[in-house]
Amino acid sequence: MPRRKTEFLPGQYYHLYNRGNNREKIFFERENYLFFLRRFWHYLAQDSLDVNAYCLMPNHYHFLVRLRKNDFSQKMQVFTLSYTKAINKWYWRCGSIFQGRFQAVLVDSDAYVLQLSRYIHLNPVKAGLVSYPKDWEFSSYLEYVGLRQGRLPKLDDVLGQFDSVEAYRNFVEGGMVVEPELQRLMSD
């Protein structure tokens, strides 16, 4: 495979994402989401990076991370292989689950970090899976608004840019507003 154009540097933020092969599901039941997060913690988050925001969707995932070490790419490869092997074994499948290797985009400003956290947390709303981001279990939004205390997301980098949790909630949920007339025109 050709080398990546994105260089992975400790201290930098990245948007990591991937989707299922042929846009198919990568999570088939609740336990798959939880297993994915446990594996992500084991292979990556406990040592190589900080997760600032995440959202797992039925056929794709998003992470906003800040790297702590430069061993990230190799560990990400081992992590995705581990998840693929386990899912294939559980469901008597074979072959790739993911559409190629993971994608990574450098997040190079504080404004980009904030906008990306909102985008990630609104993903299930935009996809029509839930009406509010707090209703999606497989996202770090629940930690951000104080409804769950998980060990995966590190909230300070994002929440530190707001006066309160409520201000962050308003920032995210303010991105949900689409005027009814505009929504009607978009659906025509």
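In the predicted model, N88 counts as buried because its relative accessibility is 12%, below the 20% limit that defines burial. This residue belongs to helix α2. The side chain of N88 takes part in a polar contact of 2.6 Å with the side chain of R93. A polar atom of the N88 side chain also lies 2.8 Å from the backbone oxygen of G95. When neighbours within four places in sequence are left aside, the residues in contact with N88 are R93, C94, G95 and I97; R93 and G95 are thus named both here and in the polar pairings with N88.

Helix α1 comprises 16 residues, 30-45. At 1.5 Å a residue, this helix should span 22 Å, and the separation of 21 Å between its end C-alpha atoms therefore agrees with expectation. The buried residues of α1 are N32, Y33, F35, F36, L37, F40, W41, L44 and A45. Among the elements that cover these buried positions are β2 (49-57), β3 (60-67) and α2 (72-90).

The largest nonpolar core contains 57 residues, of which F40, L56 and F63 touch the most other members. The greatest contribution to this core comes from α1, which supplies eight residues. Not counting residues up to four places away in sequence, F63 touches F36, L37 and F40, each of them listed among the buried residues of α1. The remaining contacts of F63 under that criterion are Y14, H15, L16, V51, A53, Y54, L56 and I120. F63 thus touches both F40 and L56, the two residues named alongside F63 as touching the most other core members.

How values were computed
Residues numbered from 1 in each chain as written. Predicted model: local features only at pLDDT ≥ 70, side-chain atom pairs only at ≥ 80, totals over all residues. Heavy atoms only, no water. Helix = DSSP H or I, 4+ residues; strand = E, 2+ residues; numbered from the N terminus. Expected span 1.5 Å × (residues − 1). Buried < 20%, exposed > 50% of the residue type's maximum accessible area, 1.4 Å probe, protein only. Contact = heavy atoms within 4.5 Å. Polar contact = N/O pair within 3.5 Å; in protein donor to acceptor, adjacent residues only side chain to side chain. Core = buried A, V, L, I, M, F, W, Y, C linked by side-chain atoms within 4.5 Å.
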